[in-house]
Amino acid sequence: MIPISMEAYVNKHCKNNPGEEPNQLRESLKQAVKDKKNGAICINCGQEIWAIGSAIAYQGCFSCLTGEVDSSEDYEIDEVCWS
Ligand SMILES: [Zn+2]
């Protein structure tokens, strides 16, 4: 995954989704990052969660949230980007 800082992601996401509330997204991301650091797992398959997707959708891993296997071109918050 491509590491990105939380602020950079919030800016990017809100630019692409004008209806999104930056403060709310930031709070959701903080929570998801905290969950991931605490070892939260995907509610479907038990894998490590994808913090960005979990902030936007539900607590899940990249594959379950997107239906894709290749995450090399997708972002993850830098402080929880381990792979
Ligand atoms: Zn999963």
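**View 1. C42 and the residues it touches.** Setting aside residues up to four places away in sequence, C42 touches Q47, I49, Q59, G60, C61 and C64. This is a predicted model, so keep that in mind for every view here. You'll find C42 in the loop between α2 and α3. Is C42 buried or exposed? With a relative accessible area of 3%, C42 is buried, because anything under 20% counts that way. One of its contacts, G60, sits 18 residues away in sequence, yet the C-alpha atoms of C42 and G60 are 3.9 Å apart in space.

**View 2. The zinc ion and its four cysteines.** Which atoms hold the zinc ion? They are the SG atoms of C42, C45, C61 and C64, at 2.2 to 2.3 Å. The angles among these four donor atoms run from 104 to 118°, and the site is tetrahedral. For comparison, the ideal angle for four tetrahedral donors at a metal is 109.5 degrees. Read along the chain, the donors of the zinc ion follow the spacing C-x2-C-x15-C-x2-C. Take C42 and C61: this pair links distant parts of the chain, 19 residues apart. C42 comes from the loop between α2 (22–37) and α3 (51–56), while C61 comes from the loop between α3 and α4 (62–66). Both C42 and C61 are buried.

**View 3. A closer look at C45.** Here's another of the zinc donors, and C45 is found in the loop between α2 and α3. How much of C45 is accessible? Its relative accessible area is 41%, so C45 counts as partly exposed, in between the 20% and 50% cut-offs. Leaving out neighbours within four places in sequence, C45 is in contact with C61 and C64. C61 is 16 residues from C45 along the chain, and their C-alpha atoms are separated by 7.9 Å.

**View 4. Y58, in the loop between α3 and α4.** That loop is where Y58 lies. At 31% relative accessibility, Y58 counts as partly exposed. What does Y58 contact, once neighbours within four places in sequence are left aside? The answer is I43, N44, G53, C64 and L65. Among them is C64, whose SG atom coordinates the zinc ion. Another zinc donor, C42, is 16 residues from Y58 in sequence, with 8.8 Å between the two C-alpha atoms.

**View 5. Helices α1 and α2 packed together.** Now for a pair of helices: α1 (residues 6–16) and α2 pack at an angle of about 135°, with their axes 10 Å apart. That angle makes α1 oblique to α2, because only angles over 145 degrees count as roughly antiparallel. The crossing of α1 past α2 is right-handed. Which residues make the contact? From α1, they are M6, E7, Y9, V10, H13 and C14. On the α2 side, the contact is made by P22, L25, R26, L29, K30 and V33.

**View 6. P18, in the loop between α1 and α2.** The last close-up goes to P18, which lies in the loop joining the two helices of the previous view. Is P18 buried or exposed? P18 counts as exposed, because its relative accessibility is 73% and the cut-off is over 50%. Try finding K36 too: P18 and K36 are 18 residues apart in sequence, and their C-alpha atoms are 27 Å apart in space. C42 and G60, back in the opening view, are also 18 residues apart in sequence, with 3.9 Å from C-alpha to C-alpha.

How values were computed:
Residues numbered from 1 in each chain as written. Predicted model: local features only at pLDDT ≥ 70, side-chain atom pairs only at ≥ 80, totals over all residues. Heavy atoms only, no water. Donors = N, O, S within 2.8 Å, 3.2 Å for Na, K, Ca; no water. Tetrahedral: all angles 85-135°; square planar, octahedral: opposite > 155°, others 65-115°. Helix = DSSP H or I, 4+ residues; strand = E, 2+ residues; numbered from the N terminus. Buried < 20%, exposed > 50% of the residue type's maximum accessible area, 1.4 Å probe, protein only. Axes fitted to C-alpha atoms, helices over the stretch in contact; angles between N-to-C directions. Parallel < 35°, antiparallel > 145°, perpendicular 65-115°, else oblique. Left-handed = near helix turned anticlockwise from the far one by under 90°. Contact = heavy atoms within 4.5 Å.
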